[in-house]
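Visitor: I am new to this structure. Please pick one part and take me through it closely.

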Amino acid sequence: HNNHPAVHLIAARQAYQRGGVSQALYHTATAINLRKDYFDAILLQAQILMRQQRIAEAKASIEQLIRLQPDNPSVWYLNAVASDAAGDTDNALYDLERALRLNPGNEFVRATWETLLRKSTELDSAKRMEAASYHVNLANGYVSQNLRIRAGVHFRRALQLYPFSKEARLGYASMLEMEGYHARYLEELLVMQDLEMQDPGIEDAIEMYSNLLLDSVSSKWGIAQFEPARINPTVQIFVIGTFEGYPFAEDYLPDFFQDILGVHSGVDYVDAPMFAPDDSDAFALARESGSDYYLLIKPSVFPAGIQVSGELYASRTGTLLHTERVVREGAEALSRSLWALQKRIAGLFPLQAKVLARRFRTAVIDRGRMDGLEIGDEVPIYPARAGIIRSDGLGILFSESEQLGLFTVEALD
């Protein structure tokens, strides 16, 4: 079968998996010589050349792909990645915009475009405004369907791209108000006031909620409730594996992952997610980072959606503590799977809090309604430096003799 191009493509893939770059390139070239329009062989050749930093040669192969399938968004994605590798950010952005015109709902392409925008453009750029508008429109659609959590994700994404979006800030603030988080709602309104977003409704709402919150715990105790640093478990995220069909996604997706996974106030994800070759490398890096735990995310892309596996380990010992698997299909499969994963992982950790102020037998801690506390909840009190991180499970080990008392929740913000 030496004259069959498919045989050479298979040989090229096998050689490349074994690390035989020269042999892989030989077989792709042979396959292409046997069939000039062999798309899959040209695609593999371009990817190998890019991995070897032979960008000019890779671009020549990609130009062939564009001639063969000009309406394939994956080809324009690859051309953008090659342009970015060559330092041509403007053309990379242009190619990603073309790919998005062909498939506006492609999350991998959009995340890559947004990452480049955030790295290469000013906060007030028109491109960022355009990118934010996409998420605002999606969020408003979810609001109309009463899907507030998904709406909130897109309002936040819009603000990360373009902090000056009045519509995104109003939308996000309204989500907080509907959830009953009045102090956070007021904080967002004050940000809009600081940004000089003129609106009579904003001024009226600030006055009303400022008066409403005069009896709140934070007002009575004179505490700026969103400023104190919290005691949270620290988690380092590693991504192991590739995203089928989106080579080099590891260079662009960490920010996207961080935006979705880092929304929970009860967990501190240290740094941006890192791509690791394998489990053992992740363990070594996690120990160096000093984090309490590390989370391995293993994606598997299939035509209808994506499967994301999450494995939570203790950083000190490398002990596997918990495993989750999320499968999502259809629109926004990547972000929905990551959102579901972060909710499940964050819910595993026990609540930790610290005392901010004390008057005789009454005290204020740095947790509240947004952390899931309710009136009547009881929280054991321990000295600040007591306990050790468990190596065989989640949480902190305390001795009975270390407990100082019991905190009973009587009022909440």
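**A close look at helix H16**

Guide: Start with how far to trust what you see. This is a predicted model. Its confidence is lowest in strand S10 (residues 388-389), at a mean of 83. Helix H6 (residues 89-102) marks the highest, at 96. The protein averages a pLDDT of 90, and 99% of the residues score at least 70.

Now go to helix H16. It covers residues 333-346, 14 residues in total. From its first C-alpha to its last, H16 reaches 20 Å. That is close to the 20 Å expected at 1.5 Å a residue.

Is H16 mostly covered or mostly open? Count its buried residues. In H16, 12 of 14 are buried, so the helix is mostly covered; buried means under 20% relative accessible area. The buried run begins with Ala333, Leu334, Ser335, Arg336 and Ser337. Leu338, Trp339, Ala340, Leu341 and Gln342 are buried too. Ile345 and Ala346 complete the list.

Further along the chain, look at strands S7 (residues 355-359) and S8 (residues 362-365). They pair in the antiparallel sense, over four bridges. Alanine 357 stands opposite valine 364 in S8. Two residues lie between the strands of this hairpin. There, phenylalanine 360 takes a positive phi near 55°.

For contrast with the covered helix, turn to the surface. Leu123, Phe164 and Leu195 make a nonpolar patch of about 240 Å². Phenylalanine 164 lies in the loop between helix H9 (148-161) and helix H10 (166-178). Its relative accessible area is 36%, so phenylalanine 164 counts as partly exposed.

Definitions and conventions
Residues are numbered from 1 along each chain as its sequence is written. This is a predicted model: local features need pLDDT of at least 70, side-chain atom pairs count only at pLDDT 80 or more; totals for chains, interfaces and linings use all residues. Side-chain values use heavy atoms; hydrogens and water are left out. Patches are made of residues with over 30% relative accessible area and no salt bridge: like charges are joined within 9 Å, nonpolar side chains (Val, Leu, Ile, Met, Phe, Trp, Tyr) within 5 Å. Accessible areas come from the Shrake-Rupley method with a 1.4 Å probe; for residues, only the protein chains shown count as cover. A salt bridge is a side-chain nitrogen of Lys or Arg within 4 Å of a carboxyl oxygen of Asp or Glu. Buried means under 20% relative accessible area, exposed over 50%, partly exposed in between (1.4 Å probe, protein chains only). The expected span of a helix is 1.5 Å times one less than its number of residues. Two strands pair if DSSP finds at least two bridges between them. pLDDT is the predictor's confidence in each residue, from 0 to 100.
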